Amino acid sequence: MKHLLTIPLASLIIACVACDEGRIYDETGVADKSGVTATLSGYVSGNAEWGDGYALSLAGFTDGSDYAIISKDVMPDSEGRCDFILEGIPSETNTVELCIIDRLRRRVATFVAAECRNADVRLVADGIDISMFGAIQRDIFTTTCAQCHGGAGTGAANLLLTEGESYSNLVGVPSVKEPGMQRVLAGDAAQSLLYEILASDVSATWHYDHSVEVVEPTKLDLIRNWINYGASR
């Protein structure tokens with residue numbers, strides 16, 4: 001805007017029409033991508049397991065931020081098919097993602113992502129499991145917990161958190177460390193040792209303080225809500 005008086009009137013009109021939601025960038029700004037469209041196609045499963053406060057969305061994000069700057073709910077059909085279009089993507093968008101966001105439009109779990117670089121974006125969901133437990137397994141158990149709990153085929157406290165083993169090792173299973181508690185008591189996160197050791201320092205007197213492992217509020221909320229919603233698979 002600093003050289004506005006030197007810009008020909010016709011160019012100014014074109015620039016204003018092309019701007020998304022009133023954004024006007026000067027000659028040193030980011031190229032305008034407000035005309036970019038993202039399309040999604042394919043199949044997903046597990047969407048019905050997400051409760052209140054979560055939404056399956058096609059959303060745009062800037063680098064370094066977990067908050068969507070544009071999003072639109074995706075509603076798979078009864079067979080899980082998704083055919084969806086997101087238009088009017090803001091110019092500052094760096095990635096477009098098929099993801100779960102919370103009420104604050106924070107990213108909770110991402111299933112498919114594509115860079116947004118001045119061209120239309122196409123995402124394909126190829127039979128993806130988007131369930132709550134699937135997201136917990138992929139983003140928490142596999143990446144954070146499985147090294148100690150199953151990485152070598154054995155697990156601390158006889159607890160395996162590797163894919164295919166974790167659910168049967170958690171839900172309805174009595175705790176080894178805290179007799180009288182279950183590792184996961186479906187429907188009650190407050191009485192589930194898994195959530196307690198992640199959300200508090202109750203395990204500080206053990207060999208390892210588990211509260212340092214999962215510190216992101218969205219991930220702790222995900223585990224708590226998964227349990228409170230019934231701990232389905």
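1. In this predicted model, T39 has I85 of strand 4 as its bridge partner. That contact belongs to a broader pairing, since strand 1, which covers residues 38-45, is joined to strand 4 by 6 bridges, and the two strands run antiparallel. As general background for a reader who is new to sheets, strands pair through hydrogen bonds of the backbone, and they may do so in a parallel or an antiparallel way.

2. Strands 1 and 4 are part of an open sheet of 3 strands, whose order is 4-1-7 and whose pairing is mixed. The edges of this sheet are formed by strand 4 (81-86) and strand 7 (121-129), each of which pairs on one side only. Going from one strand to the next, the twist averages 15°.

3. The aromatic rings deserve a separate look, and the count of aromatic pairs comes to 5. In one of them, the ring centres of F133 and W226 are 5.3 Å apart and the planes meet at 35°, so the pair is classed as tilted, because that class takes angles that are neither under 30 degrees nor over 60. The two residues come from distant parts of the chain, as F133 lies in helix 2 (residues 132-145) and W226 in helix 5 (residues 217-228), with their positions 93 residues apart in the numbering.

4. Are F133 and W226 buried or exposed? F133 has a relative accessibility of 8% and therefore counts as buried, and W226, with a relative accessible area of 1%, is buried as well.

5. W226 also pairs with Y167, and here the ring centres are 6.5 Å apart while the planes stand at 70°, so this pair is edge-to-face. Again distant parts of the chain are linked, with Y167 in helix 3 (residues 166-170) and W226 in helix 5, 59 residues apart. Y167 has 19% relative accessibility and counts as buried, because the cut-off for that word is under 20%.

6. Which residues do the ring pairs link into a cluster? The cluster consists of F133, F141, Y167 and W226, so the tilted pair of F133 and W226 and the edge-to-face pair of Y167 and W226 both belong to this group.

7. Finally, two rings should be inspected together with a charged residue. The charged end of R107 sits over the ring of F61, at 4.0 Å from the ring centre, and K177 lies over the face of W206, where the distance to the ring centre is 5.1 Å.

Technical notes
Residues are numbered from 1 along each chain as its sequence is written. This is a predicted model: local features need pLDDT of at least 70, side-chain atom pairs count only at pLDDT 80 or more; totals for chains, interfaces and linings use all residues. Side-chain values use heavy atoms; hydrogens and water are left out. Rings of Phe, Tyr and Trp (its six-membered ring) pair if their centres lie within 6.5 Å; planes under 30 degrees apart count as stacked, over 60 as edge-to-face and the rest as tilted. Helices (H or I, at least four residues) and strands (E, at least two) are DSSP runs, numbered from the N terminus. Buried means under 20% relative accessible area, exposed over 50%, partly exposed in between (1.4 Å probe, protein chains only). A charge sits over a ring if NZ of Lys or CZ of Arg is within 6 Å of the ring centre and within 35 degrees of the ring normal. Two strands pair if DSSP finds at least two bridges between them. Axes are lines fitted to C-alpha atoms, for helices over the stretch in contact, and angles run from 0 to 180 degrees between N-to-C directions.
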